[in-house]
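Student: Could you walk me through the ligand sites in this one?

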Amino acid sequence: MTSRPNTAQIAAIVDEAALSGTAIAQFTAQFEFNVDEAYAVQTQSIDRRLARGERLVGVKMGLTSRAKMAQVGVDQVIWGRLTDAMIVTEGAPLSIGRFVHPRVEPEVAFLIGASLAGNVTIAEAMSAVEGVAPAAEIIDSRYQNFQFALADVIADNSSSSGFVVGPWASPEVDISNLAMVLSVDGRPAQIGSSAAILGNPLRSLVEAARAAASAGLTLEPGWIVLAGGATAAEPLAVGSTYRVDVESLGSVAFSVTA
Ligand code: OOG
Ligand code: MG
């Protein structure tokens, strides 16, 4: 391959694909593209969003459950950045006109109360948490047919697109093994447990602290960390309502418009 784009050029391609809701070809099918380069692309594409006025509000972990790894055929934990533009307000309809092929997955969200970064223990991670909540993540791979290899999805900010967080509960709640249900129009579509998320979603928070530090970031007070889908994701359809129920934490719901 003679004219390989540099990381800034690849960042512009993924950023524009997300802005316009247009599917692109996988980079790994076109040239050598490794994980370090992919995270550099992710940083540069998020920098473009920040330059447009978006603000970092947290971190999302991805592929932290077997069900998620199996659905997309990638078996490594990944992460991405959350910005304020991705916040979906509970109760407000979500317009999916600007998405390529959106899906939703049931997650647990952490509200950070004290700065956390680097190599931390589960106990240290737990003591930095101010609240836990049921959450739904809306993912939308910018790659054709929702197909990608590890470096592709990392460059695409780990398919992040939107997220909606339910009521915050006390961090005292034991979240290690809670039933999680994703319902579509009142019918259970995906059923799982928070234990599917690295054995305990707090392990995902430990990974988030390490991942953030690898990029020179600290999980800041007020930030949100999404632990990753506990089950496979479901496609979004116009006119449907989606609800995530997490045992002991409550539920969060949104409906979809064109
Ligand atoms: C990659 C993002 C994975 C999760 O929770 O596992 C993710 C994808 O499935 O497109 O957000
Ligand atoms: Mg997710």
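Tutor: We can take the two ligands in turn, after a word on conventions. This is a predicted model, in which local features need pLDDT of at least 70 and side-chain atom pairs count only at pLDDT 80 or more, while totals for chains, interfaces and linings use all residues. Residues are numbered from 1 along each chain as its sequence is written, chains are lettered from A and ligands numbered from 1 in the order written, and side-chain values use heavy atoms, with hydrogens and water left out.

Student: Which residues are closest to ligand 1?

Tutor: Of the 17 residues that surround ligand 1, the closest are Lys60, Leu63, Glu105, Ser159 and Gly229, where surrounding means having a heavy atom within 4 Å.

Student: And which side chain lies 2.6 Å from an oxygen atom of ligand 1?

Tutor: That is Ser159, through an N or O atom of its side chain, whereas a polar side-chain atom of Lys60 lies 2.7 Å from a ligand oxygen atom; polar contacts here are pairs of N or O atoms within 3.5 Å.

Student: What is the mix of residue classes in the shell?

Tutor: The shell around ligand 1 has seven nonpolar, five polar and five charged residues, with Asp, Glu, Lys and Arg counted as charged and Gly as polar.

Student: Switching to the metal, what coordinates the magnesium ion?

Tutor: Glu105, Glu107 and Glu137 coordinate the magnesium ion (ligand 2) through OE atoms at 1.9 to 2.0 Å, donors being N, O and S atoms within 2.8 Å of the metal (3.2 Å for Na, K and Ca). Because Glu105 lies in strand 4 and Glu137 in strand 5, the pair ties together parts 32 residues apart in sequence, strands being DSSP runs (E) of at least two residues, numbered from the N terminus.

Student: What spacing do those donors follow?

Tutor: Along the chain, the magnesium donors follow E-x1-E-x29-E.

Terms used. A polar contact is a pair of N or O atoms within 3.5 Å; within protein, one must be able to donate a hydrogen and the other to accept it, and residues adjacent in sequence count only if both atoms are side-chain atoms. Helices (H or I, at least four residues) and strands (E, at least two) are DSSP runs, numbered from the N terminus.
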